[in-house]
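Student: I'd like to take a close look at one part of this model and then see what else is around. Could you walk me through it slowly?

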Amino acid sequence: MAPSRQLRPKPLFDEPSLRTFLFNHGVKDVHMGKIWKYMLANPTSPLDQIPSLPEKIRQPLKEEFVFCTSTLVESIKSEIDGTIKMLIRLQDGGEVEAVLIHHSGEAQHPDQAQADRCGERDTLCVSSQVGCRLGCTFCATGTMGLQGNLWAGEIQEQLIHARSMRGVQNIVFMGMGEPLENFNGVVSSIRGLADPQRFGMAPSSITVSTVGIVENMRKLMVELPKVKLALSLHAPNQALRETLLPVAQKYKIEELMEVIDDYAVANSSDGKRKGMVMVSYVLIEGVNDSDDCAMELRDLVKNRAVIVNLIPYNPFEGNVHDYHEPSAERVDAFLQILVKADIRVFERRHHGRDIGAACGQLAKLSAQPALDIENCSGKLAKERMKIGEEGSMTIKDLPQKKSVAAHPLVAALECTEAGDENDLAQAADAQQRKRWLISASVVALAAGAATLVLLRRKAARSACR
Ligand code: SAH
Ligand code: SF4
């Protein structure tokens, strides 16, 4: 059981709270859409000024709810790739991080024809819990333990904060926490994110990553069939998986494969994506990165509707396991074994690694920036969040781009992250021809690490209530 978290005032975009409020006041819940729509268009408006609301709920609504309960207290921008890591303080003092990953859409190579269709876009990686109780041995969030589940409204507020800086086309639940351990909160938040009267994202542009909570994966497939699934596998066999992920003792690999197969069947009529599940695999040197592991993984996923994402281990301070990132050659050898078996496979880019925003590095942002970023000039100042009355953010002037479907955080090939599975399929074919890209990105990272400049902006005044 997650520690309970009480919020007062409550988040306006939290549907269960608002529905209960209206019910308790004997008012039809048809008013919810009106409230959200008006407040998103007029975020600085006091809640008792929303037009055509029943008089009797005006004052109580203002007392019990607030446009935004959380505060963007800090954001750091990577000079390497434009990724922004946001530190968000919750009403009760808890802190979570969200990452805004920028895809330039520029072709990496003249051969990369599909890049022409990509365009510039941003993916928001959201947190679903404060910390995580599952303690995967390679994950920074796992070292924090679980401090509580985020409310659905708090998850949606991460998009409000992100939109104050950039348009967002895709959302991935790959931040802090295990989304399927906060099932109700996450499902309700996705309904809000996809609600035309709230944030209007396409459900297929939202991906939920899970370590494999089988019963909730199945529930999610029923409740939100269009939402995409990512499975964090990390080992090709049960015994090794259990050494890396304590939760694997409960959920066996065979059960996970069955879910993947059922997801493919359930989505088989979805022409473009054919029910593909993203399988994430963190490569840790000398632990799960051998040729034998690659061959075992190949045999496990061959003939399944999956796209394998190889993620070289990202180090973080405080890991007691002495894990290391494998060499580029090792990653390449592992990848080639899968490619030769015609398995769709990509190496996930290290977006924002210079600012500790890459996979598995999300925890305790405020503790240790990699450089003394106070000394750097602030490009982020140009992207200032607007602060309105009552500390609410003004979002009406912010750029809103068309949503596109996505399997984000996916690929070494930038275009693949545009999320069109046609591109995924083409990119898989193209991957063999573009192996140089992966080596190049590793080299670029090394070079970038030497020259990076970090920017930080303190936005302590952006509290929304
Ligand atoms: N709890 C969910 C959602 C978090 S997603 C899940 O685990 O899927 C976080 C992603 O980052 C997961 O794919 C996870 O395996 C990966 N990750 C965690 N620690 C990492 C590390 N140190 N290096 C690289 N990837 C890591
Ligand atoms: Fe939790 Fe996911 Fe990290 Fe495991 S990898 S500890 S499930 S956030």
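Which residues are around ligand 2?

Tutor: Sure! Keep in mind that this is a predicted model. The residues around ligand 2 are Cys132, Leu134, Gly135, Cys136, Cys139, Thr141, Gly142, Gly177, Glu178, Val211 and Ser232. Sort that shell by class and you get five nonpolar residues, five polar ones and one charged one. Glycine goes with the polar group in this sorting, and cysteine with the nonpolar group.

Now let's move on to a strand. β6 runs over residues 121–125, and five of its five residues are buried. Here's a handy idea for reading that: in a regular strand, side chains alternate between the two faces of the sheet. In β6, Arg121, Thr123 and Cys125 sit on one side, while Asp122 and Leu124 sit on the other, and all of them are buried, so both faces are covered.

What does β6 pair with? One partner is β5 (residues 95–103), which runs antiparallel to β6 over five bridges. Find histidine 102 and you'll see aspartate 122 of β6 standing opposite. Another partner is β9 (residues 170–173), and here the pairing is parallel, over three bridges. Look at cysteine 125 this time: its bridge partner in β9 is valine 172.

Next, a helix. α1 covers residues 15–24, and its buried residues are Glu15, Ser17 and Leu18. They span an arc of only 165° around the axis, which means they lie on the same side of α1. The general rule behind this kind of pattern is that an α-helix has 3.6 residues a turn, so residues three or four places apart point the same way. The buried residues of α1 pack against β1 (10–11), α2 (31–41), α4 (152–163) and α5 (183–194). Turn to the face pointing away from that buried side, and you'll meet the exposed residues Arg19, Phe23 and Asn24. Just after α1 comes glycine 26, with a positive phi of about 65°.

One last stop: proline 60, which is found in helix α3 (residues 55–64). Is proline 60 buried or exposed? Somewhere in between: it counts as partly exposed because it has 14 C-beta neighbours inside 10 Å. If you want to check a distance yourself, try proline 60 and leucine 47: they are 13 residues apart in sequence, and their C-alpha atoms are 9.4 Å apart in space.

Notes
Residues are numbered from 1 along each chain as its sequence is written. Chains are lettered from A and ligands numbered from 1 in the order in which they are written. This is a predicted model: local features need pLDDT of at least 70, side-chain atom pairs count only at pLDDT 80 or more; totals for chains, interfaces and linings use all residues. A residue is near a molecule or strand if its C-beta atom, placed from the backbone, lies within 6 Å of it. A residue is buried if 20 or more other C-beta atoms lie within 10 Å of its own, exposed if 12 or fewer, and partly exposed in between; C-beta atoms are placed from the backbone. Helices (H or I, at least four residues) and strands (E, at least two) are DSSP runs, numbered from the N terminus. Two strands pair if DSSP finds at least two bridges between them. The arc is that of the directions from the helix axis to the C-beta atoms. Two residues are in contact if their C-beta atoms, placed from the backbone, lie within 7 Å.
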